[in-house]
Amino acid sequence: MTDVSRNWVQCDACSKWRAISADVYVDELPDRWFCSMNKDDTYNSCEKVEEPQEDDDDNGENDDNGEDDDDVSETVDEETANLEAEAEATAAELVKENKKRAREEDKDRRAKERKIASETKAQQELEDYVAGLTEEQKNEHKRMR
Ligand SMILES: [Zn+2]
């Protein structure tokens, strides 16, 4: 919607468009116009974001993100703080879980090692037994000759 009660004038320094009251004739403004000349103190500085222009053919040139920057960064700060608190809690939880898991894994690992050790022992005994049999067979063979 075009606000018929206002005219738009562009700042010569920052190229932002500022709305001025329609009873100010744009033709009467100085050749070079700056935000600081704006009577509307919401938009009277180049630091200040451009006022959203509805139904305006200059929209393409606008920095659409500019107008919300302050709000967005506050929200982001808040969200970041929340996330950080959450991350800390999660990290503490993870450390606890990791310790518990490490203890359990340690228990598992030792049980497996014991099992492997006993299997290895059994294997060794079997090999010794087979070796013994083979030796006996050889001896028997010799005796038979
Ligand atoms: Zn300006």
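Mentor: Let's start with a yardstick: a residue is buried if 20 or more other C-beta atoms lie within 10 Å of its own, exposed if 12 or fewer, and partly exposed in between. Keep in mind that we are looking at a predicted model.

Trainee: Thanks! Is Trp8 buried, exposed or partly exposed?

Mentor: Trp8 has 15 other C-beta atoms within 10 Å, so Trp8 is partly exposed. You will find Trp8 in strand β1.

Trainee: Which residues is Trp8 in contact with, leaving aside its neighbours within four places in sequence?

Mentor: Those contacts are Trp17, Arg18 and Ala19. For Arg18, there is also a C-alpha distance to look at: 5.4 Å from Trp8, with the two residues 10 apart along the chain.

Trainee: Now the strands. How many bridges join β1 to β2?

Mentor: With strands, look at the direction and the bridge partners. Here β1 covers residues 6-10 and β2 covers residues 17-21; the two run antiparallel, joined by five bridges. You can follow the pairing through Arg6, whose bridge partner in β2 is Ser21, and through Gln10, which stands opposite Trp17.

Trainee: What lies between the strands of this hairpin?

Mentor: Six residues do, and Ser15 takes a positive phi there, near 65°. As background, most residues other than glycine have a negative phi. Ser15 is not a glycine, yet its phi is positive.

Trainee: Is Ser15 buried or exposed?

Mentor: Try the yardstick again. Ser15, in the loop between β1 and β2, has 11 other C-beta atoms within 10 Å and is therefore exposed.

Trainee: Where is the place of Glu47, and why does Glu47 count as exposed?

Mentor: Glu47 sits in the loop between β2 and α1, the helix of residues 69-144. Glu47 counts as exposed because it has 7 C-beta neighbours inside 10 Å. It is worth checking sequence distance against spatial distance too: Glu47 and Cys14 are 33 residues apart in sequence, while their C-alpha atoms are 8.8 Å apart in space.

Trainee: Let's step back to the whole chain. In what order do its elements run?

Mentor: From the N terminus, the order is β-β-α, with one helix and two strands making up the secondary structure. Buried residues come to 5% of the 145 residues. Among contacts with a separation of 6 or more, 23% are between residues 24 or more positions apart.

Trainee: And the confidence: where is it lowest, and where is it highest?

Mentor: For a predicted model, it helps to read the average together with the values for each element. The mean pLDDT of the chain is 84, and 86% of the residues score at least 70. By element, α1 is lowest with a mean of 88, and β2 is highest at 91.

Note on methods: Residues numbered from 1 in each chain as written. Predicted model: local features only at pLDDT ≥ 70, side-chain atom pairs only at ≥ 80, totals over all residues. Pairing = 2+ DSSP bridges. Helix = DSSP H or I, 4+ residues; strand = E, 2+ residues; numbered from the N terminus. Contact = placed C-beta atoms within 7 Å. pLDDT = per-residue confidence, 0-100.
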